Amino acid sequence: MMSAIVPFSSQAENSLKDSKPNIILVMTDDQGYGDLGCHGHPFIKTPNLDKLYGQSQRFTNFHASPTCAPTRAALMSGRAPYKNGITHTILERERMTLEATTVAEVLKSAGYTTGIFGKWHLGDADEYQPDQRGFDEVFIHGAGGIGQNYPGTQGAVPGTSYFNPIIKHNKKFVQTEGYCTDVFFKQALGWIKEQKDKPFFAYIASNAPHGPFIVADNYKKMYADHTKVDKQQAFFGMITNIDENMGLLMTKLDEWDLADNTLLIFMTDNGSSVGSRIFNAGMKGAKASANEGGSRVPLFMRLPGKINAGVDVKKLTRHYDLMPTFAELAGAELSDDLDLDGRSLLTLINKPEAQWADRNLFFHGARWNKKGAGDRWGKGNTDPEGAKYTRFAVRTEKWRLVGKALYNIEKDPGEKKDVSQEYPEIAAEMLKSFDAWWLEVRPLMVNEDAPLDTGKPFIEQFDKQKAQSGIPAWKEPKL
């Protein structure tokens, strides 16, 4: 069982660095900051995540990217997404440059074993796959979502769905049984249970509650009295199902005596796709927005006895800070040529009010179209320069510049009053910093001209295996 939380001492602070805890990172897809009971939602049912909230240190000013593949690239690399070539979620612009060093590779260098369960979304071609990027155990669906298919290599295998999804497990496809989120958590837990000799890193990245909004009817019925919109019922039901799986994970960590030496992290990949219409924790904007609601997401960290529970960290932090944080915890060396944008959060974990140098954080909605993509994907602007000032933002501790509008976030977290006319020098300085950043990252957008007349590796490999040996049933782990 988890030990009692004890106050920090200097010895406890020092013990975090190089302590090599197990690390479990759970990230959900399109669930926003407000889509949690512990954040004030009026009716959502998330009792296990609410419990984790109480057991965790919470980073209340933590920001991801406005959409999913960019966030995943930042988590994996400690770098801004555009430095990894990630400027979209489709059209080959979701592929993380092969020049990037991943957090899995860094942790392996420090003696960790690594596993990913669920959504990868950083390239479907073989050389981009997680088994080539530092992951020992791979259990993933293809494309950006189960069933998705877009121009280029991104494409899900035929016949897969949210129920009984077809999963690529260590280069071989298996036919699972059950709901996708349940399947990913069960496989992750089965793998975790078997880890004995090395510290482990388990990355559980659910595709839920991303659309299409599919879940068992009993979960939808939980919300029938609160909304008549089927999509909203399903969205909230998918989150409650995630919550149940978080409860199972926490129970098993206790049962297996792993809780006290496991850093358990919960976060989401961007703002809410559906829930913001009902409750958005007072923020403006949702998924894909350059406003606060597009990027501010939950981050809970639990490590009993070493990270104080019930503490809020209010300093401005970012998704790419997690990679150097994990490296410092693991005692891994990071070379200067990695060109990291992130910095370790251990300073704030140890002392939430510690000095934390302010910095400009850059956000961009991306998603401009691509020449030659055909249909709607090839229409309109296809030039990154033409999209430069579209849906962009610059954030500091105090200010958020969104296009030409400037907001004092400390006084106006809901971004209701544009104060750019009152503080033109601040708006100009923040815009100047954005222009300099764009000049830095523009040459690194390496996927812009990637051809789309490619094969679809997931589909081709699935078809070949099906013809030669068939698709075996998944062996569900015994927990």
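The legends below describe close-up views of a predicted model.

**Figure 1. The ten-stranded sheet has mixed pairing.**
An open sheet is formed by 10 strands, and their order is β7-β6-β5-β4-β8-β1-β9-β10-β2-β11. At the edges stand β7 (172–175) and β11 (311–313), each of which pairs on one side only. On average, and with direction ignored, neighbouring strands of this sheet are turned by 15 degrees against each other. One pairing in the sheet joins strand β4 (residues 113–119) to strand β5 (residues 137–141) in the parallel sense, over 5 bridges. Lys119 stands opposite His141 in β5.

**Figure 2. Strand β9 is mostly covered.**
Of the 7 residues of β9, 7 are buried. Both faces of the strand are covered. One side carries Thr262, Leu264, Phe266 and Thr268, and the other carries Leu263, Ile265 and Met267; all are buried. The pairing of β9 with β1 is parallel and runs over 7 bridges, with Thr28 standing opposite Thr268 in β9. The pairing of β9 with β10 is antiparallel and runs over 4 bridges. Here Ile265 is placed opposite Met301 in β10.

**Figure 3. Helix α9 lies across four strands, β1, β8, β9 and β10.**
The helix comprises residues 322–330, and the strands beneath this view's title are β1 (22–28), β8 (200–205), β9 (262–268) and β10 (299–302). Relative to β9, helix α9 runs at about 180 degrees. The angle counts as roughly antiparallel because values over 145 degrees fall in that class. Helix α9 also takes part in the largest nonpolar core, shown in the next view.

**Figure 4. The largest nonpolar core has 55 residues.**
Phe201, Tyr203, Met301 and Phe326 touch the most other members of this core. Helix α9 gives the most to the core, with 6 residues. Around Phe201, leaving out residues up to four places away in sequence, the contacts are Ile23, Leu25, Val103, Leu107, Tyr112, Thr113, Thr114, Gly115, Phe135, Trp191 and Phe326. Another core, of 41 residues, lies apart from the largest one. Among its members are Cys38, Val174, Trp191 and Ile192. Trp191 is thus listed both as a member of the 41-residue core and as a contact of Phe201.

**Figure 5. Helices α2 and α7 pack at an angle of about 50 degrees.**
Helix α2 covers residues 47–55 and helix α7 covers residues 230–255, and their axes are 7 Å apart. The angle makes α2 oblique to α7. On the α2 side the contact is made by Pro47, Asn48, Leu49, Lys51, Leu52 and Gln55. On the α7 side it is made by Asp243, Glu244, Met246, Gly247 and Met250. By class, the residues of this contact are 5 nonpolar, 3 polar and 3 charged.

**Figure 6. Thr240 is a buried residue of helix α7.**
The relative accessible area of Thr240 is 4%, and the residue counts as buried because the cut-off is under 20%. Not counting residues up to four places away in sequence, Thr240 touches Lys45, Tyr219, Met222 and Tyr223. Between Thr240 and Ser289 the separation is 49 residues in sequence and 25 Å in space, taken C-alpha to C-alpha.

**Figure 7. Gln148 lies in the loop between β5 and β6.**
Strand β6, at one end of this loop, covers residues 166–169. Gln148 has a relative accessible area of 18% and is buried. With neighbours within four places in sequence left aside, its contacts are Ala143, Gln154, Gly155, Ala156 and His210.

**Figure 8. The four-stranded sheet has antiparallel pairing.**
Its 4 strands form an open sheet in the order β13-β14-β15-β16. The edge strands, each pairing on one side only, are β13 (361–364) and β16 (405–408). From one strand to the next the twist averages 15 degrees. Within the sheet, strand β14 (residues 392–395) and strand β15 (residues 399–402) run antiparallel and are joined by 3 bridges. Ala393 stands opposite Val402 in β15.

Technical notes: Residues are numbered from 1 along each chain as its sequence is written. This is a predicted model: local features need pLDDT of at least 70, side-chain atom pairs count only at pLDDT 80 or more; totals for chains, interfaces and linings use all residues. Side-chain values use heavy atoms; hydrogens and water are left out. Axes are lines fitted to C-alpha atoms, for helices over the stretch in contact, and angles run from 0 to 180 degrees between N-to-C directions. Helices (H or I, at least four residues) and strands (E, at least two) are DSSP runs, numbered from the N terminus. Angles under 35 degrees count as roughly parallel, over 145 as roughly antiparallel, 65 to 115 as roughly perpendicular and the rest as oblique. Contact means heavy atoms within 4.5 Å. Ala, Val, Leu, Ile, Met, Phe, Trp, Tyr, Cys and Pro count as nonpolar, Asp, Glu, Lys and Arg as charged, and the others, Gly among them, as polar. Two strands pair if DSSP finds at least two bridges between them. A nonpolar core is a set of buried Ala, Val, Leu, Ile, Met, Phe, Trp, Tyr and Cys residues joined through side-chain atoms within 4.5 Å. Buried means under 20% relative accessible area, exposed over 50%, partly exposed in between (1.4 Å probe, protein chains only).
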